[in-house]
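Visitor: Hey, can we look at the charged side chains together? I'd like to go through the pairs one at a time.

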Amino acid sequence: MSLPPSPLSLEVIDLICTMVVRYNEEYEAAAAGNRLTGVQARLVALLTHGPLPMRRIAEQLKCEPSNVTGLVDRLEARGLVQRRPDPADRRVKLVVVTDAGRTTAGLLRGALDFAREPLAALPAKDRETLRDLLRTILT
């Protein structure tokens, strides 16, 4: 049986939740400003890390593969992504971000102001510590 979280842990969790809400609000607004839904924007951003098969995209976005087909169709029509055969298995289609998609992903990321100034005000060592702590929590 696990112990209940300490008051400090609960406060940290609440602060993280507040950051997530602010991030989502700004990301949705940035997506809308680029005529994208939040999910479409997340897909474009996801693909900046490299091509992915449709099945893996569905796993990453936590949605049904049939939904990914529609998302990719709409993004492909706008020139933000392309489908390409997987060189390792020609039966599999990879989705790849285009230059226009990469630019859009950069605009989306650049629009997230909620933490930019507060983070910039912290000394580099504190930002590194925060980064390292977040990495530890996420692994």
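**Salt bridges**

Guide: Let's start with one residue: Arg83 is partly exposed, at a relative accessible area of 26% (buried is under 20%, exposed over 50%, partly exposed in between, with a 1.4 Å probe and protein chains only). This is a predicted model, where local features need pLDDT of at least 70, side-chain atom pairs count only at pLDDT 80 or more, and totals for chains, interfaces and linings use all residues. Residues are numbered from 1 along each chain as its sequence is written, and side-chain values use heavy atoms, with hydrogens and water left out.

Visitor: OK, how many salt bridges does the structure hold?

Guide: There are 7, counting a side-chain nitrogen of Lys or Arg within 4 Å of a carboxyl oxygen of Asp or Glu.

Visitor: And what does Arg83 form a salt bridge with?

Guide: Asp73 is one partner, with the closest N and O atoms 2.7 Å apart. Arg83 sits in strand E2 (residues 81–86) and Asp73 in helix H4 (residues 65–77), so the pair ties together parts 10 residues apart in sequence. Helices here are DSSP runs (H or I) of at least four residues and strands (E) of at least two, numbered from the N terminus. Glu76 is another partner, at 2.5 Å between the closest N and O atoms.

Visitor: Are those acids buried or exposed?

Guide: In between: Asp73 is partly exposed at 39%, and Glu76 is partly exposed at 30%.

Visitor: Switching topic, what about Arg131?

Guide: Arg131 pairs with Asp132, closest N and O atoms 2.9 Å apart. Arg131 is partly exposed at 38%, as is Asp132 at 35%.

Visitor: Which residues do shared partners join into one network?

Guide: Asp73, Glu76 and Arg83.
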